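Hi,

Here is the model I promised to pass on. Have a look at it first, and my notes come after.

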Amino acid sequence: MTQTNTEHWTTRRLLEWMTAHFESNLIESPRLISEMLLTHVIGGQRIDLYANVDRVATDTERETLRSCVKRTIEHEPVQYIVGNTWFYGMEFQVDSSTLIPRTCTETIVEQTLHFAKLSTTSPFRIADIGTGTGCIAITIAANLSDCEIVATDISQDALLLAEKNAEKHGVQKRITYIQGNCIEPLSSLPPFDLLCSNPPYISDPEIAALEPNVGKWEPKLALSGGSDGLSIIRPLIQSAPNCLVEGGVLLVEIATSIAGTCLELASSNPTLKDVKILRDRFGDDRFLRAKKC
């Protein structure tokens, strides 16, 4: 993108150049990332790119795009560059203070909505531990009108972002945000019908082996589960029953590598029953589910 004859830098040419450039630098999903970046810079939707393939980029747009391409080559996640991502069909603002929402985590939402529909409790009380962007709590609130949700996070920056996302989707009145570590903020509150969490669960040895777009850019606070990946999950499994009603549900996202250990920890807890490991939509063992006796 260094030549000065801007009449040649159409949307088609920019997409082709970026895609090839990302491919040569081993960037995953090069075409999709090219589309996301160009849409971010010139506006509109991705489909608009192909409706206006001969549109010529301005000098300012090309300069902005050049910066975005450089950041991508340095493995910065495209979601941080454009400032948003999608989860359960809803758009969420993201920044480097939080983990980027993943599709596999949508299983927590699906499970929560399932148990809420089976419940006769009104309103259905939910706690979301380590809410991050707020994607779990907000998506549940958007799909479940009769609910009360408490969302916690140790990071104040993450909570501020989650509050912005809740306001964007008009569910802020159903969610209370509390800063605090793990389950501690819930200790003085009435018990919940369901407690869910996508906690840090990557062990320190695994952190060192993460792809650079994750390990270099996403916050370690939201990734690191300590030496064995269980520094947050272990106390969560131990203390969660104290915050649940009888028959209340515990849902925790976990790493496949620690699924067996999590199953043992929950099964050995005398206050938990019906302990199961659930698979995500990709077939991986990614969730612990249990009920309070």
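Below is what I found on helix packing and on one pocket.

This is a predicted model, so to speak of local features pLDDT has to be at least 70, and side-chain atom pairs count only at pLDDT 80 or more, while totals for chains, interfaces and linings use all residues. Residues are numbered from 1 along each chain as its sequence is written, and side-chain values use heavy atoms, with hydrogens and water left out.

Start with helix 4 (residues 59–73) and helix 2 (residues 30–42): their axes come within 10 Å and cross at roughly 145° (axes are lines fitted to C-alpha atoms over the stretch in contact, with angles from 0 to 180 degrees between N-to-C directions; helices are DSSP runs of H or I, at least four residues, and strands are runs of E, at least two, numbered from the N terminus). On the helix 2 side the contact (heavy atoms within 4.5 Å) includes Ile33, Leu37 and Val41, and on the helix 4 side Leu65 and Cys68 are among the residues.

Helix 1 (residues 11–24) also packs on helix 4, with axes within 11 Å and a crossing of roughly 20°. That makes the pair roughly parallel (angles under 35 degrees). Here Leu14, Trp17, Met18, His21 and Phe22 of helix 1 meet Leu65, Val69, Thr72 and Ile73 of helix 4.Finally, the second largest pocket has a volume (space filled by probe spheres on the points) of about 500 Å³; a pocket is an open set of 1 Å grid points fitting a 1.4 Å probe, with protein on both sides within 12 Å along at least five of seven lines.

Conventions
Angles under 35 degrees count as roughly parallel, over 145 as roughly antiparallel, 65 to 115 as roughly perpendicular and the rest as oblique. On a 1 Å grid over the protein atoms alone, a cavity is a set of points where a 1.4 Å probe fits but cannot get out, and a pocket is an open set with protein on both sides within 12 Å along at least five of seven lines; lining residues have an atom within 4 Å of a point.
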